[in-house]
Protein chains: 2
Amino acid sequence: MKEGTAADCCSAPDTAVDLRPIEGREADEELAALAKAIGHPARVQILRLLVRRTACVCGDIVDELPLAQSTVSQHLKVLKDAGLIRGEVDGPRVCYCLEPRVLRRLRALVAGL
Amino acid sequence: MKEGTAADCCSAPDTAVDLRPIEGREADEELAALAKAIGHPARVQILRLLVRRTACVCGDIVDELPLAQSTVSQHLKVLKDAGLIRGEVDGPRVCYCLEPRVLRRLRALVAGL
DNA sequence: CTCTTTCATCGTAAAACTGCGATAATCTCC
DNA sequence: GGAGATTATCGCAGTTTTACGATGAAAGAG
């Protein structure tokens, strides 16, 4: 029950192009919000786990971090509220997946600095 | 006394290449710290002013933001502590300049996500 | 030297963040 | 139905952030 538990959950091709402006007041606030979301080592670590698809289920993520389950759950919520990840319920478990669109948007905003 | 007040302060060619790893625990903390620094709209706005070289002197930056002088000064300190900007004393004024190396590093870290 | 300008720093208050244990909610299995 | 597993949420401390006005410190003007 360890391998491939939910390896095939989040599967969105997602090749859409984001045409929103890369600067201006709205872009500033968007960048600030996204940056704030990844402004904590634990959340960066979670993002990397999801990118590598090393972990996906909440419990596995908890096992990878030196934090209590409730704390990890909160960090996941921050990332979800920022739109960077998405949680899909899989029975009693929850599989968290990247939201590639938003991650690309973040990259574009930072690159546009 | 408005045009070109300190347009030619920070002038570093700076073409050095950063060879530090883009992932791992240290990179995670570095990315988190940098992201946290730009995790506020006012600081994003300040960064943009410096990129565009629209403003440079502290007072001009204060004029561009809807915040008190002391608050802007604090935001400048956050950016400076993160290494993203540098302050050069120019008489009674202080000219803030980007630290292109660190900005590039941030871009690389985000791109490496 | 004194006054003004410019900026940083100091307090302070309100809000937000971080972490945890305890508890609730939901699903599966029996 | 109940028991166990998994995750979210609540409540609580301690810390940090954000904002401001007031005060200091440093440089230039007179």
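Which helix supplies the largest share of the surface near DNA strand C? It is helix 4 of chain A, with four residues. The close-ups below start there and then move on.

This is a predicted model, where local features need pLDDT of at least 70, side-chain atom pairs count only at pLDDT 80 or more, and totals for chains, interfaces and linings use all residues. Residues are numbered from 1 along each chain as its sequence is written, chains are lettered from A and ligands numbered from 1 in the order in which they are written, and side-chain values use heavy atoms, with hydrogens and water left out.

**View 1. The protein surface around DNA strand C.** There are 21 residues around this strand, and A:His75, B:Val57, B:Gly59, B:Ser73 and B:Tyr96 come nearest. Here a residue is near a molecule or strand if one of its heavy atoms lies within 4 Å of it. Helix 4 (69–81) of chain A is joined by helix 3 (58–64), helix 4 (69–81) and strand 2 (93–98) of chain B, each supplying at least two residues. Helices (H or I, at least four residues) and strands (E, at least two) are DSSP runs, numbered from the N terminus. By class, the surface near DNA strand C has eight nonpolar, ten polar and three charged residues. Ala, Val, Leu, Ile, Met, Phe, Trp, Tyr, Cys and Pro count as nonpolar, Asp, Glu, Lys and Arg as charged, and the others, Gly among them, as polar.

**View 2. Phosphate contacts on DNA strand C.** Look at the atoms of DNA strand C within 4 Å of the protein: 63% belong to sugar or phosphate, and the rest to bases. A polar side-chain atom of B:Ser73 sits 2.5 Å from a phosphate oxygen. Backbone atoms join in too: a polar one of B:Gly59 is 2.8 Å from a phosphate oxygen, and a polar one of B:Cys58 is 3.4 Å from a phosphate oxygen. A polar contact is a pair of N or O atoms within 3.5 Å; within protein, one must be able to donate a hydrogen and the other to accept it, and residues adjacent in sequence count only if both atoms are side-chain atoms.

**View 3. Over to DNA strand D.** Of the 21 residues around DNA strand D, the nearest are A:Val57, A:Gly59, A:Ser73, A:Tyr96 and B:His75. Helix 4 of chain B gives the most to this surface, with four residues. B:His75 has a polar side-chain atom 2.6 Å from a phosphate oxygen of DNA strand D, while a polar side-chain atom of B:Ser70 lies 3.2 Å from a base oxygen of that strand. From chain A, a polar backbone atom of A:Val94 is 3.4 Å from a phosphate oxygen.

**View 4. The hairpin of chain A.** Strand 1 (residues 85–90) and strand 2 (residues 93–98) of chain A run antiparallel, joined by six bridges. Two strands pair if DSSP finds at least two bridges between them. A:Val89 has A:Val94 as its bridge partner. Two residues lie between the strands, and A:Gly91 takes a positive phi near 65°.

**View 5. The hairpin of chain B.** Six bridges also join strand 1 (residues 85–90) of chain B to strand 2, and the two run antiparallel. B:Ile85 stands opposite B:Leu98, and B:Asp90 stands opposite B:Arg93. In this hairpin, B:Gly91 takes a positive phi near 70°.

**View 6. Two helices packing in chain B.** Helix 1 (residues 25–37) and helix 5 (residues 100–111) of chain B pack at an angle of about 115°, with their axes 10 Å apart. Axes are lines fitted to C-alpha atoms, for helices over the stretch in contact, and angles run from 0 to 180 degrees between N-to-C directions. Helix 1 brings B:Ala27, B:Glu30, B:Leu31 and B:Leu34 to the contact, and helix 5 brings B:Val102, B:Arg105, B:Leu106, B:Leu109 and B:Val110. Contact means heavy atoms within 4.5 Å.
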